[in-house]
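Structural labels such as "buried" or "pocket" rest on cut-offs, and it helps to see each label beside its definition. The following exchange takes some of these labels in turn.

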Amino acid sequence: MELRHLRYFVAVAEEKSFNKAAERLFISQPPLSRQIRQLEEEINVTLIDRDNRPLKLTEAGEFFYDHAIQILAKSEKLKAMTMRKANSDNSISIGFVSSILYGILPKIIARFRTFYPNLEIKLQELNSWQQTQGLVDGKIDVGFGRLLFEDASIRRMVLRQESLVVAVPINHTFIKEGRTSVNLMDLTSESLFLYPTSPRPSFIDYVLELFEARNLKVKYFTEVRELHVALGLVAAGEGLTIVPKTLEHLRNQEVSYLPFEDGLLTSPIVMSVRHFDKSELLKTLLDVTYQIYDEEGFDYKREEV
């Protein structure tokens, strides 16, 4: 059984016609029919009920189709990832979410460049879900995100848990009252700006899940395009937002940042790589990240590529 047999079978299954499948595959109909017949003879199972018009898959054919499309998808992933690996000797492509770029990622990239001064480093702003797709498609080599997604071809490493803080206008009631911390309950009746609007799922969904996990519901929230828009609206006195602690330096003349009382509300920083990719570039990037963490005094659990 070869991949071409699977492609031929999938085309027939989806087109429900040998003639249409042949047109789709740019081959003539007789050899296509022979290939499908050979496939059935090889596995000794009838996959297509040829007495029906349009053609119909047998129960075994339905099962075979479901698995055939998975195998074909994995083969395409493997091809893309291998091509990316073969072309990555002189460059590395890094995906990132904006909140990490505004944090310490620039320090990490600058330090990493000192180890590979002639390496081309490509940076792409992608949310956590897009990073997964980028790794699978071979468009990036590593991603720094904040959400965890399951994909058998991708390895996730939670580098550390970063505390979340609340960004409030400098003249907000919390500040006038002398509050030094808040809790999620305090925010349920506040006007919140959550970001980014797309693509989803995103940090918005993570924040809303924090409330839902505590049986709390945000009464007033507005989805905005990006982090800077949210902070701009906070600076204008229009509401509040929640950000990672390393962003406390942004607009700090107009915005105050309050920690959460329990100190347990955090957002993970996730490094994603292709499974079994253990290149020296990635090992160095991870080592540099931990060097910066040590210098900044961050708590973390060390991972290895």
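The questions and answers below concern burial, the cores, the largest pocket and some backbone angles.

Q: What should be kept in mind about the model and its numbering?
A: This is a predicted model, in which local features need pLDDT of at least 70 and side-chain atom pairs count only at pLDDT 80 or more, while totals for chains, interfaces and linings use all residues. Residues are numbered from 1 along each chain as its sequence is written, and side-chain values use heavy atoms, with hydrogens and water left out.

Q: Why is Ser202 called buried or exposed?
A: Buried means under 20% relative accessible area, exposed over 50%, and partly exposed in between, with a 1.4 Å probe and protein chains only. Ser202 has 2% relative accessibility and therefore counts as buried. Ser202 lies in the loop between β7 and α10, where helices (H or I, at least four residues) and strands (E, at least two) are DSSP runs numbered from the N terminus.

Q: What makes the approach of the Ser202 side chain to Pro196 a polar contact?
A: A polar contact is a pair of N or O atoms within 3.5 Å; within protein, one must be able to donate a hydrogen and the other to accept it, and residues adjacent in sequence count only if both atoms are side-chain atoms. The side chain of Ser202 reaches the backbone oxygen of Pro196 at 3.1 Å. By the contact criterion (heavy atoms within 4.5 Å), Ser202 touches Asn127, Leu147, Tyr195 and Pro196, not counting residues up to four places away in sequence.

Q: Why is α10 described as largely enclosed?
A: Seven of the 10 residues of α10 are buried, so this helix is largely enclosed by the rest of the structure. The buried residues are Phe203, Ile204, Tyr206, Val207, Leu208, Leu210 and Phe211, and they pack against β6, α9, β7, β8 (220-223), β9 and β11 (266-274).

Q: What makes a set of residues a nonpolar core, and which residues touch the most other members of the largest one?
A: A nonpolar core is a set of buried Ala, Val, Leu, Ile, Met, Phe, Trp, Tyr and Cys residues joined through side-chain atoms within 4.5 Å. The largest nonpolar core has 39 residues, of which Leu184, Leu187, Phe211, Val243, Tyr257 and Phe260 touch the most other members. To this core α10 gives the most, with seven residues. A second, separate core of 28 residues includes Leu119, Ile121, Met157 and Val305.

Q: What makes a space a pocket, and which residues lie nearest the centre of the largest one?
A: On a 1 Å grid over the protein atoms alone, a pocket is an open set of points with protein on both sides within 12 Å along at least five of seven lines, and lining residues have an atom within 4 Å of a point. The largest pocket is lined by 20 residues, and nearest its centre lie Val97, Ser98, Glu125, Asn127 and Pro196. Among the elements, α5 (98-101) and α7 (128-137) each supply at least two residues of this lining.

Q: How do you know that the bond from Ser198 to Pro199 is cis or trans?
A: Omega is near -10° for the peptide bond from Ser198 to Pro199, which is cis. A cis peptide bond also joins Arg200 and Pro201, with omega about 0°. Most peptide bonds are trans.

Q: Why is Phe26 called buried or exposed, and what is its phi?
A: At 76% relative accessibility, Phe26 counts as exposed. Phi of Phe26 is near 60°, a positive value in a residue other than glycine. Asn44 likewise has phi near 60°, and Asn44 is exposed, with a relative accessible area of 70%.

How values were computed
1 Å grid on protein atoms, 1.4 Å probe; cavity = no way out; pocket = protein on both sides within 12 Å on 5 of 7 lines; lining within 4 Å.
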